[in-house]
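Thanks for sharing this one with me. I have put my notes into numbered points, so please have a look at the structure and then read on.

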Amino acid sequence: MRTNKILLYTLAAILLLWIIPWIGDFFTSQAIKMPFTLYSSETGDFCYNTVDEKGKMIRTDRQGNIYTQTEFDSLLPYFYYRDLVSQGKFPLVKKGMELSVREVQSDNFVFRSTPSGINKKMIPLYPLLESMSGRADLETPGDVFRIADRIEFTDITKNEIDTEKSVLFNQLFEKKGFAFPAQVIAGNPTTRKEYDEGYLITDQKERLFHFKQVKGKPYLREIEIPANVRITHLFVTEFKNRKTLGFYTDQNDNLYALMNKSYDSRKIEIPPVDLRNESLTIIGNIFDWTIKITKEDGDHIHAVDGESFSALGTIMHPYPEPTTGRYWVDKLIPLKLHFLSGKDSRVFPRIN
Amino acid sequence: MKIRSFIPMLLLAITPAFVACTSSPKSNADTVQENTSSVLSVDDVLAQNQVAPGDVVILEGVCTHICKHGGRKIFLMGSDDTQTIRIEASTEVGKFSQSTINNIVRVEGKLVEERIDEAYLTAWEERVRQQTEEKHGSAGENGCSSEQKARGEQKTNTPQQRIENFRNRIAQREKKEGKNYLSFYHIEAISYDIQ
């Protein structure tokens, strides 16, 4: 009887630890609208749009200048190029270059990495697209590969190992000295992209390889990376302009761009970014990249040159102060039990 | 009776097949396809496994580039873009078809060694000075980028920089191996076939 009571009270305490903070959060949650910020090569500084207390959109900059919609379009011509086209402002003449709509469009890109995407558990099976199909549209292959003690292709319709293809690819991996199994395998296994560059893979000796399929044959090239760099996260970019092959971070959370064709690694001059806990967004254009790192305290925004990746500027937007209700909920309930997190997709008890 | 009439009919039926197999003229493509057992990869040829300069070889690779300046050269890639070899059309071939690009091409041809030494570089400098150098690549391009890649060259902006880079590489080789030249290999194609 006594044991039952203890169990009942324990269960009730756990439920209260979960339910009460949940109710508190439900009634005091606040929608946070962070300013949308981009670096303007026109002013050489950041400008952003935000909303005032009355909910009215304001387009401004650090100096407090207020801009009209048309002025703002002109400050960010590469982002709002469609509006500039409708205003008849193309071709643009910038830095002595005459830029067509097509050129601006092809150099624009958006890259995102979120903790939930990074921390997600993936099934280690990867489709390998044909990167030189000779067709405009990419096709989903009928097989997938995995890299354990060797590379192995499985026909997904028959659920059978494709021995012939596995042997052909495995021979090349062995010839190139690939140390099995792979550590990090990164790619964009989708047909909704302009072209395919396959995968970037690190092996057991922490060497980086570029792997793709060209006319049904394996392409595997070791990529030289800077000395003492150990890759922790890898991304294949496949942007329209084909300037970069990928991005990666090292053991110190430094971000690098891996250039296409030359395979050169170029360090991007921003502070370290912990991709397991922080979101990264890069909005790039022909001349500069705006890089937003979302941390616990707010948005840290950096601008770098689009060619040299040297720093152009930085700005920080802190999160707004919590509402009174929110403040008291946090004060009164310091211990909270919850099962979900925005940083991963797993369900298990977490206390903070 | 039935068997007697069947045998001549059978003979009549199979005779054209034998005639067709033996009397058709051999095209370049047929010659290349017959020797499938000895087809080498680009990697093998560049590593000079089983082959030496002057040998006639059959090799296969993905055509990554065709010289726009008359289609006399193509570049075949092996297991990665560092394994690329130049294929030059012989007088028999004339020029390569534009459809070779981005396709697997099987080539029969002679492996040719090309040496770059100080005399070669001096003559090149002279051609640059007199502006008589043969132009390859698109306008404004410093030579054919595929050819530079096949030779493991660094990206440069002027022919003079390329020449200087070659001089440095020769100096390094002389220091290491005692040889005052660089060897590059290409294939002089006798025939080719798009797979």
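What follows is a short set of comments on strands, backbone geometry and one helix residue.

1. Please keep in mind that this is a predicted model.

2. I started with the hairpins. Strand E21 (residues 288–295) of chain A pairs with strand E22 (residues 298–305) of chain A in the antiparallel sense, over eight bridges. Two residues make the connection in the hairpin from E21(A) to E22(A). Within this pairing, Ile301(A) in E22(A) is opposite Lys292(A).

3. E22(A) also runs antiparallel to strand E23 (residues 311–318) of chain A, with seven bridges joining them. Here Ala303(A) has Gly313(A) in E23(A) as its bridge partner. The hairpin of E22(A) and E23(A) has five residues between the strands, and Phe309(A) in that hairpin has a positive phi near 60°.

4. Two loop residues deserve a look for their backbone angles. Asn228(A), between strands E15 and E16 of chain A, has phi near 65°. Arg242(A), in the loop between E16 and E17 of chain A, has phi near 60°. Asn228(A) counts as exposed because it has 8 C-beta neighbours inside 10 Å, while Arg242(A) is partly exposed, with 14 other C-beta atoms within 10 Å.

5. You may also like to check the cis peptide bond from Phe180(A) to Pro181(A), where omega is near -10°. Pro181(A) sits in the loop between helix H6 and strand E12 of chain A.

6. Lastly, where is Asp83(A) placed? Asp83(A) belongs to helix H3 (residues 81–86) of chain A. Asp83(A) is partly exposed, with 16 other C-beta atoms within 10 Å.

Technical notes. Residues are numbered from 1 along each chain as its sequence is written. Chains are lettered from A and ligands numbered from 1 in the order in which they are written. This is a predicted model: local features need pLDDT of at least 70, side-chain atom pairs count only at pLDDT 80 or more; totals for chains, interfaces and linings use all residues. Helices (H or I, at least four residues) and strands (E, at least two) are DSSP runs, numbered from the N terminus. A residue is buried if 20 or more other C-beta atoms lie within 10 Å of its own, exposed if 12 or fewer, and partly exposed in between; C-beta atoms are placed from the backbone. Two strands pair if DSSP finds at least two bridges between them.
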